[in-house]
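Student: I've got a structure to go through and would like to talk it over with you. Can we take it piece by piece?

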Amino acid sequence: MNYSQILLLGPEAEALAPRLEASGYSCSREPVPAGATPDAVLLSSGDSGRIASLREQWGPIPVLLDVGDDTVEARVHCLSSGADDFWLSSLGPSDLLMRLRLHLDLTSSANVPAQLLQVGDLVLNPSTRQVKRGARLVGLTAREYQLLLLLLERKGTVVSRELILRQVWNDEQASNSSSNVIEVYVRYLRQKLEEGGERRLIHTIRGQGYCLSERLPQLETCE
C-alpha cells in the first residue's frame, strides 16, 4: 500500500475514488484541510481552468487532466493548460493508474535531500523543489521540473533527446512525435526562465540534444 494522497476535482475524477482506494491510494475532495498538500491532482476535463491556482497553492505536484478523447487537439489543450499529463475517462482506470504511478515515482525520487544545483543565477533546491532565477521564483509543472533537474544535473554537457525521453518520460522507444514533445517543454522552460528578460541558459545542439550552460557552448551546431 502506498497511501499517496490524491485530490480529485470534478465528477469524472471523483468517480475514480473506489478504484484508486482499492489500489492503495488515499483520495480526498475539496475543501482541502489547511496545511495539507496532496501528492497529485486528478481533474475532470471541465476543470482545466483551475490548474494555475493549483500551481500557486502547491507548486510542481503532478496534475493529470481528463481530455475526453485522445486527439492531437486534446493533447495540445492538456499541455497548454499547465497539466503534466492527460488521462481518458472513457478508457477506464488502468492507463491512468500507470501514468499516476510514474509521476509519483518521479516526484519521490526528486524529494531526497541534496545540494543546491546552480548555473549562473539559476538555482534549484532538490529538497524543496524550489526554482529561482536571481531573486525571482519560477513556477514549474512537475514535468518541467523533472526536465530542468536533468539538465542541471548534467550542466555543461549535451543531453540527448533519447536520454531525456528515458529519464523524464520513461519512454524507451524514441520517436519523432516524442521528440516534438521535448521541444514543446524546452520552449515552456525557456519562456519561464527568461520571463524577466534574463539571458538564455538552455541551448539547442542541433542533431544532438540540449545543453544547459551559462555561456553558449563552443559548437557550430548551437542555437
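Tutor: Sure, and let's fix a term before we start: two strands count as paired if DSSP finds at least two bridges between them. Keep in mind that this is a predicted model.

Student: Okay, then which residue in E5 is the bridge partner of leucine 64?
Tutor: Look at strand E4, residues 63-66, which pairs with E5 in the parallel sense. That pairing runs over three bridges, and a pair needs at least two. For leucine 64, the partner in E5 is aspartate 85.

Student: Which strands stand at the edges of the parallel sheet?
Tutor: Five strands make up this open sheet, with parallel pairing and the order E2-E1-E3-E4-E5. Two of them have a single partner strand each, so one side of each is left without a neighbour in the sheet. Those edge strands are E2 and E5, the latter covering residues 85-87.

Student: And what does the twist average from one strand to the next there?
Tutor: Stay with the open sheet ordered E2-E1-E3-E4-E5. Going from one strand to the next, the twist averages 25 degrees.

Student: What is the order of strands in the antiparallel sheet?
Tutor: This one is open too, and has four strands. Strand E6 (117-119) and E9 each have a single partner strand, so they stand at the edges. Put E7 and E8 in their places and the order reads E6-E7-E8-E9.

Student: Which residue has the positive phi in the turn between E7 and E8?
Tutor: E7 (residues 122-125) pairs with E8 in the antiparallel sense over four bridges, and leucine 124 stands opposite valine 131. The two strands form a hairpin with four residues between them. In that turn, the residue with a positive phi of about 65 degrees is arginine 129.

Student: What about the turn between E8 and E9, which residue has the positive phi there?
Tutor: E8 and E9 (residues 136-137) run antiparallel and are joined by two bridges, with arginine 133 partnered by arginine 136. They form a hairpin with two residues between them. The residue there with a positive phi, about 65 degrees, is glycine 134.

Student: Which residues make up the covered face of E8?
Tutor: E8 spans residues 130-133, and Gln130 and Lys132 are on its uncovered face. The covered face belongs to Val131 and Arg133.

Student: At about what angle does H6 run to E7?
Tutor: H6 covers residues 142-153. This helix lies across E6, E7 and E8. Relative to E7, H6 runs at about 110 degrees.

Student: Is glutamate 144 buried or exposed?
Tutor: Glutamate 144 is in H6 and touches Gly139, Tyr185, Tyr188, Leu189 and Lys192, not counting residues up to four places away in sequence. Its relative accessibility is 3%, and the cut-off for that class is under 20%. So glutamate 144 counts as buried.

Student: Which residues do the ring pairs link into a cluster?
Tutor: There are two aromatic pairs in the structure. Tryptophan 169 and tyrosine 185 have ring centres 5.3 Å apart and planes at 75 degrees, so that pair is edge-to-face. Tyrosine 185 and tyrosine 188 are edge-to-face as well, at 5.7 Å centre to centre and 70 degrees between the planes. Together the ring pairs link Trp169, Tyr185 and Tyr188.

Student: What separates tyrosine 185 and tyrosine 188 along helix H8?
Tutor: Both tyrosines are buried. Being three residues apart in H8, they are separated by about one helical turn.

Student: Which residue lies over the face of tyrosine 145?
Tutor: For a parallel example, arginine 99 lies over the face of phenylalanine 86, at 4.2 Å from the ring centre. With tyrosine 145, the distance to the ring centre is 4.2 Å, and the residue is arginine 129.

Student: How many disulfides does a search of the whole structure find?
Tutor: Cysteine 27 is buried, with a relative accessible area of 13%. Cysteine 211 is buried too, at 2% relative accessibility. As for disulfides, the search finds zero.

Student: Last one: which proline follows the cis peptide bond from glutamate 30?
Tutor: The bond has omega near 0 degrees. The proline lies in the loop between E2 (26-28) and E3 (40-43). That residue is proline 31.

Definitions and conventions
Residues numbered from 1 in each chain as written. Predicted model: local features only at pLDDT ≥ 70, side-chain atom pairs only at ≥ 80, totals over all residues. Heavy atoms only, no water. Buried < 20%, exposed > 50% of the residue type's maximum accessible area, 1.4 Å probe, protein only. Contact = heavy atoms within 4.5 Å. Axes fitted to C-alpha atoms, helices over the stretch in contact; angles between N-to-C directions. Disulfide = S-S within 2.5 Å. Phe/Tyr/Trp six-rings, centres within 6.5 Å; stacked < 30°, edge-to-face > 60°. Lys NZ or Arg CZ within 6 Å of the ring centre and 35° of its normal.
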